[in-house]
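Me: I'm new to this structure and would love a close look at a single part of it. Could you walk me through it step by step?

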Amino acid sequence: MEERAYACPYCARVHDSTEALREHVIAEHKTEPLPSPEGLIRLTINGGVYELEVEPQWTLYQVIHDKLGLTGSKMFCDRGACGSCTVIMDGRPILSCMTLAIECQGKNIETVEGIAEKKPPLIDEYVKHHCMQCGYCTPGFVVTAKALLDRNPKPTEEEIRQALAGNLCRCGTYPQHIKAVQEAAKKGGI
C-alpha cells in the first residue's frame, strides 16, 4: 500500500488525508485560505508519497527541508555551486536549491535520509575513510556518489572524480571520498 502524507502549507504539520489537512487548517489557521486539491503537487520522496500545496517560487530544497523536515540536505551556497543540497530525482543527481518544487510534480526523489535508511556499504565506507570533518558537505557527496554507483557500479578513479566534481568541501577531504566510493563499489556500493 502506498504511503501518503499531506503537509500543511502554513506550519508543515503532516496529515494522512486531505480531509485531516482541511480540518487542521480550519482549526489552527483560521485566517488562511483552505488548501485546494488543484494546488497540490505530488512527490514520491524516499518511497513515501506526499501531496502538498506549494508556492510558485519555492525550491525543492525548501519543500524537502523546511516543509517536510528532511534536514539531511544542506544549504551552503544557495547558488547551485557547492552540491550540499544534492538529491536524486528520477535517477539523476540534481541541486535542490536550483529546482523549483512545482517542476517536480510526479517525480521520484531520494534524499540522504532514504539512502542512509537502507544502510548501504557506501555509508560504512564514508565513516571508515573519515570523509567528513565538519560533515556539512557529506550528505551531498553521499547522494552524488550513490547516483554514480547506481548508473556505474564499477567506476574508475577518474569517473569518481568527475561525478564528485560539483561538490565542495571546506575541510578538504576530497581524497577520502574517492577511496570510500572505490571501496563501496567493491562491496556492491548501494
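Reply: Happy to help; here is a walk around one helix and the loop that follows, with a short stop elsewhere at the end.

Please keep in mind that this is a predicted model. Let's begin with the helix pair. Two packed helices are described by the angle between their axes and the distance between the axes. For α4 and helix α7, which covers residues 174-186, the axes come within 8 Å and cross at roughly 145°. The crossing of these two helices, α4 and α7, is right-handed.

Which residues meet there, between α4 and α7? From α4 come Pro-121, Leu-122, Glu-125 and Tyr-126, and on the α7 side they meet His-177, Ala-180, Val-181, Glu-183 and Ala-184.

Next, follow the chain out of α4 (121-128): the loop between this helix and α5 (138-151) holds Tyr-136. Is Tyr-136 buried or partly exposed? Its relative accessible area is 35%, so Tyr-136 counts as partly exposed. Tyr-136 also belongs to a nonpolar surface patch of about 340 Å², made together with Phe-76, Leu-168 and Tyr-174.

For contrast, visit another loop, the one between β6 (92-95) and β7 (108-110), where you will find Ala-101. Ala-101 counts as buried because its relative accessibility is 0%. Leaving aside residues up to four places away in sequence, Ala-101 touches Ile-41, Val-54, Trp-58, Thr-59, Leu-60 and Val-63. Gln-57 lies 44 residues from Ala-101 in sequence, yet their C-alpha atoms are 8.0 Å apart in space.

Methods:
Residues numbered from 1 in each chain as written. Predicted model: local features only at pLDDT ≥ 70, side-chain atom pairs only at ≥ 80, totals over all residues. Heavy atoms only, no water. Helix = DSSP H or I, 4+ residues; strand = E, 2+ residues; numbered from the N terminus. Buried < 20%, exposed > 50% of the residue type's maximum accessible area, 1.4 Å probe, protein only. Contact = heavy atoms within 4.5 Å. Patch = residues over 30% accessible without salt bridge, like charges linked within 9 Å, V, L, I, M, F, W, Y side chains within 5 Å. Areas by Shrake-Rupley, 256 points an atom, 1.4 Å probe, with all protein chains shown as cover. Salt bridge = Lys/Arg side-chain N within 4 Å of Asp/Glu carboxyl O. Axes fitted to C-alpha atoms, helices over the stretch in contact; angles between N-to-C directions. Left-handed = near helix turned anticlockwise from the far one by under 90°.
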